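These are my notebook entries on a single protein chain. I record what I looked up, entry by entry.

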Amino acid sequence: MRTKIVNLPVLPLRDVVLFPGMVIPLYVGRPKSLDALNKVLRSSKINEEILLVSQKQASTEDPDPEDLNEMGTVARVIQSLKLPDDTQKVLVEGLYRAKVIDYSVDSCIYANVEKVQKSTLSAQKFEPLRRAILSTFTSYQRNNKRISSEQLDKISAIDNASEFADSIAQALVIPPERKQLLLNESGVGERLELLLSILEEEVDIQQTEKRIRGRVKRSMEK
């Protein structure tokens, strides 16, 4: 059964990927982005939705549809504060993955989107992946001061496979194009496997950097 296609204003993101279930602050200042945001804020509909899509290149100042990815996250604006320089600080909550069917441009960018249905994973398949990911993520967290012990504890308590994967993906300090790969993966089993692969690579990098720093320190001491 094909899901309903809806038309939404688009807020392009630079250096950020938003996952469903996550709440993040954003600063909005570009004209098309402000227009898209204001369409939502001024709407008479309750919990009006907006599509957040990451740019392929963060350096693009005025993105066109071809500059945007085809998988994004439909979100709602929780709070909005207009700043003295006419930019806006907003707090947004990701609701669900959405596949872009096509884009159009008016005063802002619009997208016809289709909701990506959540996939499920049996406990027998989820639990081994969950344990392996948590073990690797714990090693990663020890060497990354941006992730607190409280965050680790909160993620460890999540028993929903999709929420578990997206929570770790949002917490990772990795390039946005790598996070986009995780957002693109609609199958939760495949997403967990990709997440584990990325985590293992990042831990290997951390360990290599640690060995290099150790050698440099010993050389300096000599």
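**Entry 1. Burial and overall layout.** I began with burial: of the 222 residues of the protein chain, 44% count as buried. The model is a predicted one, and I read every value below in that light. For the accessible surface of the protein chain I noted about 12,700 Å², with 48% of it belonging to carbon and sulfur atoms. I then took the extent of the C-alpha trace, which spans about 65 × 45 × 30 Å along its principal axes.

I listed the secondary structure next and found six helices and six strands. Their order along the sequence is β-β-α-β-β-β-β-α-α-α-α-α. I also checked the range of the contacts: among those with a separation of 6 or more, 68% join residues 24 or more positions apart.

**Entry 2. Helix α4.** How many of the eleven residues of α4 are buried? I counted ten, so α4 is largely enclosed by the rest of the structure. The buried residues include F164, D166, S167, I168 and Q170. I looked up what they pack against and found the strands β2 (23-28) and β5 (88-105), together with the helices α2, α3 (149-156), α5 (176-184) and α6.

**Entry 3. Aromatic pairs.** I searched the whole structure for aromatic pairs and obtained two. In one of them, F126 and F164 meet edge-to-face, with 5.8 Å from centre to centre and 75 degrees between the planes. F126 belongs to helix α2 and F164 to helix α4 (residues 161-171), so this pair ties together parts that are 38 residues apart in sequence. I checked the burial of F126 and F164 and found both buried.

F137 and Y140 also form a pair, this one stacked, at 6.3 Å centre to centre and 20 degrees between the planes. F137 and Y140 are three residues apart in helix α2, which means a separation of about one helical turn. An α-helix has 3.6 residues a turn, so residues three or four places apart point the same way. I recorded F137 and Y140 as buried, both of them.

**Entry 4. A lysine over a ring.** I looked up the surroundings of Y96 and found K115 over the face of its ring, 4.9 Å from the ring centre.

**Entry 5. T136 in helix α2.** I stayed with helix α2 (residues 123-142), where T136 lies. Is T136 buried or exposed? Its relative accessibility is 14%, and because buried means under 20%, I entered T136 as buried. Leaving out residues up to four places away in sequence, I found that T136 touches L196, L199, E200 and V203.

**Entry 6. Salt bridges.** Side chains of opposite charge can pair when their charged atoms come close. My count of salt bridges came to twelve; I followed several of them up.

D35 and K39 form a salt bridge in which the closest N and O atoms are 2.5 Å apart. I placed D35 and K39 in helix α1 (residues 31-41), four residues apart and thus separated by about one helical turn. D35 is partly exposed at a relative accessible area of 23%, and K39 is partly exposed at 31%.

For K99 and E70, I read 3.5 Å between the closest N and O atoms of their salt bridge. What parts does this pair tie together? K99 is in strand β5, whereas E70 is in the loop between β3 (49-54) and β4 (71-82), so the pair joins parts that are 29 residues apart in sequence. I entered K99 as partly exposed at 33% relative accessibility and E70 as partly exposed at 48%.

I also noted a salt bridge between the side chains of R76 and E93, at 2.8 Å from N to O. This pair links distant parts of the chain, with R76 in strand β4 and E93 in strand β5, 17 residues apart. R76 is partly exposed, its relative accessible area being 25%. Finally, I found K32, D62 and D64 linked in a network of salt bridges.

**Entry 7. A nonpolar patch.** My last search concerned the surface: I212, V216 and M220 make a nonpolar patch of about 310 Å². I located V216 in helix α6 (residues 188-221). V216 has a relative accessible area of 46%, and I therefore entered it as partly exposed.

Conventions. Residues numbered from 1 in each chain as written. Predicted model: local features only at pLDDT ≥ 70, side-chain atom pairs only at ≥ 80, totals over all residues. Heavy atoms only, no water. Helix = DSSP H or I, 4+ residues; strand = E, 2+ residues; numbered from the N terminus. Buried < 20%, exposed > 50% of the residue type's maximum accessible area, 1.4 Å probe, protein only. Contact = heavy atoms within 4.5 Å. Patch = residues over 30% accessible without salt bridge, like charges linked within 9 Å, V, L, I, M, F, W, Y side chains within 5 Å. Areas by Shrake-Rupley, 256 points an atom, 1.4 Å probe, with all protein chains shown as cover. Salt bridge = Lys/Arg side-chain N within 4 Å of Asp/Glu carboxyl O. Phe/Tyr/Trp six-rings, centres within 6.5 Å; stacked < 30°, edge-to-face > 60°. Lys NZ or Arg CZ within 6 Å of the ring centre and 35° of its normal.
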